[in-house]
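Visitor: Could you take me through one part of this structure closely, and then show me how the rest of the chain is arranged around that part? I would enjoy one connected account.

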Amino acid sequence: MGSFQVKIVGDYCNLRCTYCRNRDFDQNTKTIMTLETLERFFVFLNSLPQEKIRVSWHGGEPLLAGKDFFNQIIRLEKKYSKKEWLNSVQTNATLIDHEWAEFFSTNKFSVGVSVDGSERTHNGARLNAIKQGTYSKVIQGVKILRCHNIYPGIICTVTKKTFKYADEMLHGLLDAGFKGIAFNAFYNTASEGKRDVYGLTDEEWLCFLKKIFETWLTLNNPEIKIRELDGALAWVKSKAANYCMYKGTCYQWFVIDYEGKIYPCERLGKAVTFGSINSLKTFDELINQSVFVEWKKSIERMPQKCQDCKLKMLCHNGCVSHRQANNEGAPLYSYCESRLKFYDYINDRINGRR
Ligand code: SF4
Ligand code: SF4
(Lines give C-alpha, C1' and ligand atoms only; values in the text may rest on other atoms or scores of the structure.)
(Ligands and ions follow the chains in the order given, each with its own letter.)
Protein backbone atom coordinates (compact mmCIF):
# COMPACT_ATOMS: atom_id res chain seq x y z
CA MET A 1 0.00 0.00 0.00
CA GLY A 2 1.11 3.57 -0.56
CA SER A 3 2.29 6.07 -3.13
CA PHE A 4 4.81 8.65 -2.06
CA GLN A 5 5.27 12.21 -3.21
CA VAL A 6 8.60 13.51 -1.97
CA LYS A 7 8.93 17.28 -1.77
CA ILE A 8 12.69 17.31 -2.06
CA VAL A 9 12.88 21.10 -2.22
CA GLY A 10 9.76 21.82 -0.14
CA ASP A 11 7.66 24.45 -1.92
CA TYR A 12 10.71 26.12 -3.45
CA CYS A 13 10.18 26.98 -7.13
CA ASN A 14 11.78 29.01 -9.91
CA LEU A 15 8.37 30.11 -11.28
CA ARG A 16 5.75 32.46 -9.86
CA CYS A 17 2.47 31.23 -11.33
CA THR A 18 -0.27 33.76 -10.73
CA TYR A 19 -2.63 31.32 -9.02
CA CYS A 20 -0.06 29.40 -6.99
CA ARG A 21 -0.83 29.34 -3.28
CA ASN A 22 2.84 28.58 -2.57
CA ARG A 23 3.68 32.13 -3.61
CA ASP A 24 2.86 33.10 -0.06
CA PHE A 25 5.77 30.97 1.18
CA ASP A 26 9.37 32.10 1.32
CA GLN A 27 10.73 31.65 -2.20
CA ASN A 28 14.12 33.19 -1.54
CA THR A 29 15.52 30.55 0.77
CA LYS A 30 16.40 27.35 -1.02
CA THR A 31 15.25 24.35 0.96
CA ILE A 32 16.57 20.94 0.01
CA MET A 33 16.37 17.50 1.56
CA THR A 34 19.62 16.39 3.17
CA LEU A 35 21.25 13.15 2.03
CA GLU A 36 20.74 11.75 5.56
CA THR A 37 16.98 12.36 5.28
CA LEU A 38 16.96 10.92 1.77
CA GLU A 39 18.60 7.71 2.97
CA ARG A 40 16.26 7.57 5.98
CA PHE A 41 13.38 7.76 3.46
CA PHE A 42 14.70 4.68 1.65
CA VAL A 43 15.19 2.81 4.93
CA PHE A 44 11.62 3.69 5.92
CA LEU A 45 10.11 2.54 2.62
CA ASN A 46 12.17 -0.60 2.76
CA SER A 47 9.92 -1.62 5.69
CA LEU A 48 6.94 -1.90 3.34
CA PRO A 49 5.85 -5.45 2.46
CA GLN A 50 5.29 -4.73 -1.25
CA GLU A 51 7.99 -5.22 -3.85
CA LYS A 52 7.15 -2.30 -6.12
CA ILE A 53 7.20 1.19 -4.67
CA ARG A 54 6.03 4.27 -6.53
CA VAL A 55 7.85 7.47 -5.75
CA SER A 56 6.98 10.82 -7.29
CA TRP A 57 9.79 13.35 -6.90
CA HIS A 58 8.04 16.64 -6.34
CA GLY A 59 8.47 20.23 -5.25
CA GLY A 60 8.09 23.16 -5.67
CA GLU A 61 10.27 22.47 -8.66
CA PRO A 62 12.15 19.23 -7.93
CA LEU A 63 14.90 19.81 -10.52
CA LEU A 64 16.14 22.64 -8.29
CA ALA A 65 17.54 19.87 -6.06
CA GLY A 66 20.20 19.40 -8.76
CA LYS A 67 21.62 16.51 -10.73
CA ASP A 68 23.91 15.31 -7.93
CA PHE A 69 20.88 14.87 -5.69
CA PHE A 70 19.11 12.78 -8.33
CA ASN A 71 22.25 10.68 -8.77
CA GLN A 72 22.10 10.00 -5.02
CA ILE A 73 18.51 8.78 -5.46
CA ILE A 74 19.72 6.22 -7.99
CA ARG A 75 22.63 5.21 -5.76
CA LEU A 76 20.21 4.54 -2.88
CA GLU A 77 17.76 2.68 -5.09
CA LYS A 78 20.61 0.37 -6.06
CA LYS A 79 21.59 -0.01 -2.41
CA TYR A 80 18.00 -0.92 -1.42
CA SER A 81 17.60 -3.12 -4.45
CA LYS A 82 15.18 -5.66 -2.98
CA LYS A 83 12.45 -3.24 -3.95
CA GLU A 84 11.54 -2.23 -7.46
CA TRP A 85 11.51 1.58 -7.43
CA LEU A 86 9.09 3.17 -9.90
CA ASN A 87 10.12 6.79 -10.27
CA SER A 88 8.27 9.75 -11.66
CA VAL A 89 9.02 13.44 -11.58
CA GLN A 90 6.60 16.36 -11.87
CA THR A 91 8.36 19.37 -13.32
CA ASN A 92 7.67 22.71 -14.95
CA ALA A 93 10.25 21.64 -17.58
CA THR A 94 11.98 25.03 -17.71
CA LEU A 95 15.26 23.58 -16.40
CA ILE A 96 15.37 20.49 -18.61
CA ASP A 97 18.55 20.11 -20.64
CA HIS A 98 19.98 17.10 -22.49
CA GLU A 99 21.76 15.87 -19.37
CA TRP A 100 18.50 15.81 -17.39
CA ALA A 101 16.65 14.12 -20.25
CA GLU A 102 19.40 11.51 -20.60
CA PHE A 103 19.23 10.87 -16.86
CA PHE A 104 15.44 10.38 -16.90
CA SER A 105 15.66 8.17 -19.96
CA THR A 106 18.51 5.99 -18.60
CA ASN A 107 16.83 5.59 -15.22
CA LYS A 108 13.33 5.06 -16.62
CA PHE A 109 11.65 7.98 -14.87
CA SER A 110 8.21 8.90 -16.12
CA VAL A 111 7.93 12.66 -16.49
CA GLY A 112 4.90 14.88 -15.96
CA VAL A 113 4.98 18.49 -17.12
CA SER A 114 2.69 21.38 -16.23
CA VAL A 115 1.40 23.25 -19.29
CA ASP A 116 -1.69 25.44 -19.02
CA GLY A 117 -3.14 25.03 -22.52
CA SER A 118 -2.23 27.30 -25.42
CA GLU A 119 0.73 29.66 -25.48
CA ARG A 120 -1.64 32.53 -24.64
CA THR A 121 -3.43 30.89 -21.69
CA HIS A 122 -0.18 29.41 -20.36
CA ASN A 123 1.67 32.72 -20.52
CA GLY A 124 -1.21 34.46 -18.76
CA ALA A 125 -0.58 32.35 -15.66
CA ARG A 126 2.73 30.53 -15.57
CA LEU A 127 5.31 33.28 -15.13
CA ASN A 128 8.95 33.27 -14.16
CA ALA A 129 10.40 35.33 -11.30
CA ILE A 130 10.56 38.44 -13.52
CA LYS A 131 6.92 38.01 -14.58
CA GLN A 132 7.59 36.72 -18.08
CA GLY A 133 5.52 33.92 -19.62
CA THR A 134 7.33 30.59 -19.66
CA TYR A 135 5.64 28.77 -22.56
CA SER A 136 8.59 28.78 -24.97
CA LYS A 137 10.97 27.63 -22.25
CA VAL A 138 8.62 24.80 -21.27
CA ILE A 139 8.16 23.65 -24.86
CA GLN A 140 11.93 23.78 -25.37
CA GLY A 141 12.30 21.45 -22.35
CA VAL A 142 9.61 19.13 -23.73
CA LYS A 143 11.34 18.98 -27.13
CA ILE A 144 14.58 17.98 -25.42
CA LEU A 145 12.73 15.23 -23.53
CA ARG A 146 11.26 13.98 -26.80
CA CYS A 147 14.77 13.82 -28.32
CA HIS A 148 15.43 11.22 -25.61
CA ASN A 149 12.17 9.36 -26.31
CA ILE A 150 10.37 10.74 -23.27
CA TYR A 151 6.82 11.83 -24.03
CA PRO A 152 5.56 13.54 -20.88
CA GLY A 153 2.00 13.51 -19.62
CA ILE A 154 0.55 16.95 -19.11
CA ILE A 155 -1.18 18.53 -16.14
CA CYS A 156 -3.14 21.58 -17.18
CA THR A 157 -4.60 23.78 -14.46
CA VAL A 158 -7.94 25.39 -15.25
CA THR A 159 -8.93 28.55 -13.40
CA LYS A 160 -11.76 31.05 -13.41
CA LYS A 161 -9.64 33.10 -15.84
CA THR A 162 -9.20 30.30 -18.37
CA PHE A 163 -12.19 27.93 -18.27
CA LYS A 164 -13.94 29.85 -21.06
CA TYR A 165 -11.08 28.99 -23.41
CA ALA A 166 -11.52 25.24 -23.19
CA ASP A 167 -11.26 24.73 -26.97
CA GLU A 168 -8.22 26.93 -27.28
CA MET A 169 -6.52 25.17 -24.38
CA LEU A 170 -7.15 21.69 -25.71
CA HIS A 171 -6.13 22.58 -29.26
CA GLY A 172 -3.03 24.34 -27.93
CA LEU A 173 -1.97 21.18 -26.11
CA LEU A 174 -2.72 18.94 -29.08
CA ASP A 175 -0.88 21.26 -31.50
CA ALA A 176 2.15 21.04 -29.21
CA GLY A 177 2.02 17.25 -29.65
CA PHE A 178 0.63 16.21 -26.24
CA LYS A 179 -1.68 13.22 -26.19
CA GLY A 180 -2.00 12.37 -22.49
CA ILE A 181 -3.69 15.26 -20.69
CA ALA A 182 -5.09 15.77 -17.21
CA PHE A 183 -7.07 18.89 -16.35
CA ASN A 184 -7.04 20.12 -12.77
CA ALA A 185 -9.84 22.37 -11.61
CA PHE A 186 -8.31 25.13 -9.50
CA TYR A 187 -10.35 24.81 -6.36
CA ASN A 188 -12.37 27.68 -4.98
CA THR A 189 -11.33 28.13 -1.36
CA ALA A 190 -13.23 31.37 -0.75
CA SER A 191 -15.96 31.14 1.83
CA GLU A 192 -19.51 31.72 0.63
CA GLY A 193 -20.19 35.20 -0.65
CA LYS A 194 -16.50 36.03 -1.10
CA ARG A 195 -14.81 36.22 -4.48
CA ASP A 196 -11.98 33.94 -5.45
CA VAL A 197 -10.37 35.25 -8.63
CA TYR A 198 -8.93 31.88 -9.66
CA GLY A 199 -11.11 29.20 -8.03
CA LEU A 200 -13.66 27.51 -10.30
CA THR A 201 -17.29 27.11 -9.32
CA ASP A 202 -19.16 23.87 -9.91
CA GLU A 203 -20.97 25.41 -12.94
CA GLU A 204 -17.75 26.72 -14.47
CA TRP A 205 -16.07 23.34 -14.20
CA LEU A 206 -19.10 21.65 -15.80
CA CYS A 207 -19.05 24.18 -18.64
CA PHE A 208 -15.34 23.44 -19.23
CA LEU A 209 -15.80 19.67 -19.16
CA LYS A 210 -18.68 19.72 -21.64
CA LYS A 211 -16.71 21.83 -24.09
CA ILE A 212 -13.68 19.54 -23.82
CA PHE A 213 -15.88 16.51 -24.36
CA GLU A 214 -17.53 17.97 -27.48
CA THR A 215 -14.17 18.97 -28.96
CA TRP A 216 -12.71 15.55 -28.19
CA LEU A 217 -15.68 13.89 -29.95
CA THR A 218 -15.17 15.92 -33.11
CA LEU A 219 -11.46 15.00 -33.14
CA ASN A 220 -12.38 11.32 -33.25
CA ASN A 221 -8.87 10.24 -32.29
CA PRO A 222 -8.67 7.44 -29.69
CA GLU A 223 -4.98 8.19 -29.13
CA ILE A 224 -5.94 11.39 -27.31
CA LYS A 225 -6.35 10.47 -23.66
CA ILE A 226 -7.97 13.00 -21.36
CA ARG A 227 -8.13 11.88 -17.75
CA GLU A 228 -11.44 13.58 -16.93
CA LEU A 229 -13.16 12.09 -19.99
CA ASP A 230 -11.70 8.64 -19.40
CA GLY A 231 -13.15 8.83 -15.90
CA ALA A 232 -16.65 9.75 -17.03
CA LEU A 233 -16.61 7.29 -19.95
CA ALA A 234 -15.63 4.52 -17.54
CA TRP A 235 -18.62 5.38 -15.32
CA VAL A 236 -20.97 5.06 -18.27
CA LYS A 237 -19.77 1.45 -18.50
CA SER A 238 -20.16 1.18 -14.69
CA LYS A 239 -16.41 0.85 -14.33
CA ALA A 240 -14.34 2.67 -11.75
CA ALA A 241 -11.98 5.28 -13.14
CA ASN A 242 -8.37 4.64 -12.24
CA TYR A 243 -7.60 7.82 -10.35
CA CYS A 244 -7.66 8.64 -6.65
CA MET A 245 -10.34 11.33 -7.08
CA TYR A 246 -12.81 8.64 -8.12
CA LYS A 247 -11.61 5.71 -6.06
CA GLY A 248 -11.67 6.83 -2.45
CA THR A 249 -8.01 5.77 -2.04
CA CYS A 250 -6.76 9.02 -0.63
CA TYR A 251 -5.39 7.28 2.47
CA GLN A 252 -2.82 5.52 0.27
CA TRP A 253 -1.10 8.78 -0.68
CA PHE A 254 1.64 10.27 1.43
CA VAL A 255 3.81 13.32 1.18
CA ILE A 256 7.28 13.37 2.67
CA ASP A 257 8.60 16.89 2.93
CA TYR A 258 12.24 17.91 2.67
CA GLU A 259 12.65 17.61 6.45
CA GLY A 260 11.18 14.11 6.53
CA LYS A 261 7.75 15.01 7.93
CA ILE A 262 4.90 12.88 6.64
CA TYR A 263 1.56 14.29 5.54
CA PRO A 264 -1.42 13.09 3.51
CA CYS A 265 -1.59 14.03 -0.21
CA GLU A 266 -0.08 17.39 -1.04
CA ARG A 267 -3.48 18.87 -1.86
CA LEU A 268 -4.52 18.51 1.76
CA GLY A 269 -1.88 20.85 3.09
CA LYS A 270 -0.24 20.42 6.46
CA ALA A 271 -3.21 20.44 8.81
CA VAL A 272 -2.67 16.73 9.57
CA THR A 273 0.79 15.26 10.20
CA PHE A 274 1.59 11.58 10.60
CA GLY A 275 4.98 12.16 12.19
CA SER A 276 8.39 11.94 10.62
CA ILE A 277 10.54 9.33 8.91
CA ASN A 278 13.21 10.36 11.41
CA SER A 279 11.20 9.05 14.36
CA LEU A 280 8.88 6.38 12.92
CA LYS A 281 10.70 3.11 12.45
CA THR A 282 8.38 1.37 10.01
CA PHE A 283 5.46 2.10 7.74
CA ASP A 284 3.27 -0.18 9.91
CA GLU A 285 4.00 2.07 12.86
CA LEU A 286 2.69 5.00 10.83
CA ILE A 287 -0.63 3.44 9.81
CA ASN A 288 -1.32 2.04 13.27
CA GLN A 289 -1.11 5.44 14.95
CA SER A 290 -4.41 6.86 16.15
CA VAL A 291 -3.83 10.06 14.14
CA PHE A 292 -3.76 8.03 10.91
CA VAL A 293 -6.65 5.74 11.89
CA GLU A 294 -8.87 8.69 12.87
CA TRP A 295 -7.95 10.66 9.76
CA LYS A 296 -8.73 7.66 7.51
CA LYS A 297 -12.11 7.26 9.21
CA SER A 298 -12.87 10.94 8.75
CA ILE A 299 -12.20 10.92 5.00
CA GLU A 300 -14.25 7.74 4.53
CA ARG A 301 -17.35 9.26 6.09
CA MET A 302 -19.95 9.92 3.39
CA PRO A 303 -22.68 12.53 3.59
CA GLN A 304 -26.24 11.31 3.12
CA LYS A 305 -26.32 12.62 -0.46
CA CYS A 306 -23.44 10.29 -1.39
CA GLN A 307 -24.91 7.34 0.44
CA ASP A 308 -28.05 7.66 -1.70
CA CYS A 309 -26.21 8.48 -4.94
CA LYS A 310 -26.16 6.32 -8.08
CA LEU A 311 -22.46 7.17 -8.52
CA LYS A 312 -21.52 6.34 -4.96
CA MET A 313 -19.09 3.51 -5.82
CA LEU A 314 -17.67 5.33 -8.86
CA CYS A 315 -17.14 8.67 -7.19
CA HIS A 316 -16.59 8.13 -3.46
CA ASN A 317 -17.38 11.75 -2.71
CA GLY A 318 -14.63 13.06 -5.01
CA CYS A 319 -11.30 14.55 -4.06
CA VAL A 320 -10.97 14.97 -0.31
CA SER A 321 -9.24 18.31 -0.78
CA HIS A 322 -12.30 19.62 -2.62
CA ARG A 323 -14.86 18.79 0.06
CA GLN A 324 -16.74 21.38 2.02
CA ALA A 325 -18.61 21.09 5.30
CA ASN A 326 -22.40 21.10 5.01
CA ASN A 327 -25.34 19.98 7.07
CA GLU A 328 -25.42 16.43 5.66
CA GLY A 329 -23.28 14.85 8.35
CA ALA A 330 -19.92 14.94 6.50
CA PRO A 331 -18.19 17.28 4.06
CA LEU A 332 -19.44 16.94 0.46
CA TYR A 333 -17.39 17.12 -2.76
CA SER A 334 -17.67 20.70 -4.01
CA TYR A 335 -17.89 19.61 -7.65
CA CYS A 336 -20.62 17.07 -6.86
CA GLU A 337 -23.32 18.64 -9.05
CA SER A 338 -20.99 19.02 -12.03
CA ARG A 339 -19.96 15.40 -11.62
CA LEU A 340 -23.60 14.22 -11.60
CA LYS A 341 -24.58 16.45 -14.50
CA PHE A 342 -21.52 15.57 -16.56
CA TYR A 343 -22.22 11.88 -16.03
CA ASP A 344 -25.81 12.34 -17.30
CA TYR A 345 -24.61 14.50 -20.18
CA ILE A 346 -22.04 11.97 -21.38
CA ASN A 347 -24.45 9.10 -20.87
CA ASP A 348 -27.05 10.84 -23.03
CA ARG A 349 -24.54 11.79 -25.72
CA ILE A 350 -23.15 8.25 -25.91
CA ASN A 351 -26.64 6.78 -26.08
CA GLY A 352 -27.81 9.34 -28.67
CA ARG A 353 -30.36 11.08 -26.45
CA ARG A 354 -28.90 14.57 -26.76
S1 SF4 B 1 -21.69 12.51 -7.37
FE2 SF4 B 1 -21.99 13.81 -5.57
S3 SF4 B 1 -23.45 12.70 -4.31
FE4 SF4 B 1 -22.67 11.25 -5.81
S5 SF4 B 1 -21.02 10.19 -4.75
FE6 SF4 B 1 -20.13 11.91 -5.92
S7 SF4 B 1 -20.06 13.63 -4.49
FE8 SF4 B 1 -21.43 12.10 -3.62
S1 SF4 C 1 -6.67 14.67 -1.75
FE2 SF4 C 1 -7.58 14.40 -3.77
S3 SF4 C 1 -5.82 14.30 -5.17
FE4 SF4 C 1 -5.05 13.91 -3.11
S5 SF4 C 1 -5.07 11.63 -2.90
FE6 SF4 C 1 -6.97 12.47 -2.06
S7 SF4 C 1 -8.42 12.29 -3.74
FE8 SF4 C 1 -6.36 12.20 -4.63
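**A close look at Asn317 and its surroundings**

Guide: Let's start with Asn317, which is buried, since 27 other C-beta atoms lie within 10 Å and 20 or more are enough to count as buried. Bear in mind that this is a predicted model. The backbone of Asn317 deserves a look too: its phi is near 65°, a positive value in a residue other than glycine. As for its place in the chain, Asn317 belongs to the loop that links α13 (312–315) with β11 (323–324).

Lys131 makes a good companion to Asn317. Lys131 also has a positive phi, about 65°, without being a glycine. Its setting is a loop as well, the one between α4 (119–125) and α5 (135–147). Lys131, however, counts as exposed, because it has 8 C-beta neighbours inside 10 Å, and 12 or fewer make a residue exposed. One more backbone detail is worth a stop: the peptide bond that leads from Gly59 to Gly60 is cis, with omega near 15°. Gly60 sits in the loop between β2 (52–58) and α2 (67–79).

Back to the loop of Asn317, and on to the ligands. The surroundings of ligand 2 include three residues of that loop, Cys319, Val320 and Ser321. The other residues around ligand 2 are Cys244, Met245, Cys250, Trp253, Cys265, Arg267 and Leu268. Sorted by class, this shell holds eight nonpolar residues, one polar and one charged.

Helix α13, at the other end of the loop, brings us to ligand 1. Here 13 residues form the surroundings, and the closest are Cys306, Cys309, Cys315, Tyr333 and Cys336. Two or more residues of this shell come from each of α12 (304–307), α13, β12 (332–333) and α14 (336–350). Helix α14 gives the largest share, three residues. The classes in the shell around ligand 1 are eight nonpolar, two polar and three charged.

Trp253, from the shell of ligand 2, is also part of strand β8 (residues 253–256), so let's follow that strand into the sheet. Strands β8 and β1 run parallel and are joined by four bridges; within this pairing, Val6 stands opposite Ile256. Strand β1 (residues 3–7) pairs with β2 as well, again in the parallel sense, over five bridges. There the bridge partner of Gln5 is Ser56 in β2. Four of the five residues of β1 are buried, which leaves this strand mostly covered.

Ile256 then leads us into the interior. The largest nonpolar core contains 84 residues, and Ile256 is among those with the most contacts inside it, along with Cys156, Val158 and Leu173. Helix α7 (residues 202–219) supplies the largest share of this core, five residues. For a view from one of these core residues, take Leu173: beyond its neighbours within four places in sequence, it touches Val115, Gly117, Ile154, Cys156, Phe178 and Ile181.

Finally, let's step back to the whole chain. Its secondary structure amounts to 14 helices and 12 strands. The radius of gyration is 20 Å, close to the 20 Å that the globule rule gives for 354 residues, so the chain is as compact as a globular protein of that length. Along the principal axes, the C-alpha atoms fill a box of roughly 60 × 50 × 40 Å. Of the 354 residues, 37% count as buried. Among contacts between residues at least 6 apart in sequence, 67% join residues at least 24 apart.

Note on methods:
Residues are numbered from 1 along each chain as its sequence is written. Chains are lettered from A and ligands numbered from 1 in the order in which they are written. This is a predicted model: local features need pLDDT of at least 70, side-chain atom pairs count only at pLDDT 80 or more; totals for chains, interfaces and linings use all residues. A residue is near a molecule or strand if its C-beta atom, placed from the backbone, lies within 6 Å of it. Ala, Val, Leu, Ile, Met, Phe, Trp, Tyr, Cys and Pro count as nonpolar, Asp, Glu, Lys and Arg as charged, and the others, Gly among them, as polar. The radius of gyration is taken over C-alpha atoms; the globule rule is 2.2 Å times the number of residues to the power 0.38. Two residues are in contact if their C-beta atoms, placed from the backbone, lie within 7 Å. A nonpolar core is a set of buried Ala, Val, Leu, Ile, Met, Phe, Trp, Tyr and Cys residues joined through C-beta atoms within 7 Å. Two strands pair if DSSP finds at least two bridges between them.
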